[in-house]
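Please look through the structure below with attention to how its side chains pack, beginning with a single ring and moving outward from there.

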Amino acid sequence: MSNTHDLSQREWGCNYNIMKVYKRGQRLDLCGWYTGIKNGDYLILKNGSETTRYKVESVKYESDPRDMWNASVSFAPRDT
């Protein structure tokens, strides 16, 4: 079962950086700080004044700090 993590309100312990953009934003490589993200989960990311949903294709947590991760995500439009 997948979970949705809202990272759109950046704060201490809940932040991310876009490291690389592919296919005009259809895929992203991210680096961030947050716990509990797994493959198949969804991330809500800030996109200007709106938000956009991405699906986590792969995520790898670092050993130090333990909440730091690198992930590849793909655009996943919300169901209407």
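In this predicted model, Tyr54 is buried, with a relative accessible area of 8%. Its ring takes part in the one aromatic pair that the structure holds, an edge-to-face arrangement with Phe75 in which the centres are 6.1 Å apart and the planes make an angle of 70°. Because Tyr54 belongs to strand S5 and Phe75 to strand S6, the pair ties together parts that are 21 residues apart in sequence. Phe75, for its part, is partly exposed, at a relative accessible area of 35%, which lies between the 20% and 50% limits that separate buried from exposed.

Tyr54 also leads to the nonpolar interior, since it appears among the contacts of Leu43. Leaving aside neighbours within four places in sequence, Leu43 is in contact with residues including His5, Leu7, Leu30, Ile37, Thr52, Arg53, Val56, Trp69 and Val73. In the largest nonpolar core, which has 13 residues, Leu43 is one of those that touch the most other members, together with Leu7, Leu30, Leu45, Trp69 and Val73. Two or more residues of this core come from each of strand S3 (27–33), strand S4 (42–47), strand S5 (50–61) and strand S6 (68–75), and S6 gives the largest share, three residues. In soluble globular proteins, nonpolar side chains tend to be buried together.

Two arginines are placed over tyrosine rings. Arg53, already met as a contact of Leu43, has its charged end over the ring of Tyr42, 4.1 Å from the centre, while Arg27 lies over the face of Tyr22, at 4.5 Å from the ring centre.

Key
Residues are numbered from 1 along each chain as its sequence is written. This is a predicted model: local features need pLDDT of at least 70, side-chain atom pairs count only at pLDDT 80 or more; totals for chains, interfaces and linings use all residues. Side-chain values use heavy atoms; hydrogens and water are left out. A nonpolar core is a set of buried Ala, Val, Leu, Ile, Met, Phe, Trp, Tyr and Cys residues joined through side-chain atoms within 4.5 Å. Buried means under 20% relative accessible area, exposed over 50%, partly exposed in between (1.4 Å probe, protein chains only). Helices (H or I, at least four residues) and strands (E, at least two) are DSSP runs, numbered from the N terminus. Contact means heavy atoms within 4.5 Å. Rings of Phe, Tyr and Trp (its six-membered ring) pair if their centres lie within 6.5 Å; planes under 30 degrees apart count as stacked, over 60 as edge-to-face and the rest as tilted. A charge sits over a ring if NZ of Lys or CZ of Arg is within 6 Å of the ring centre and within 35 degrees of the ring normal.
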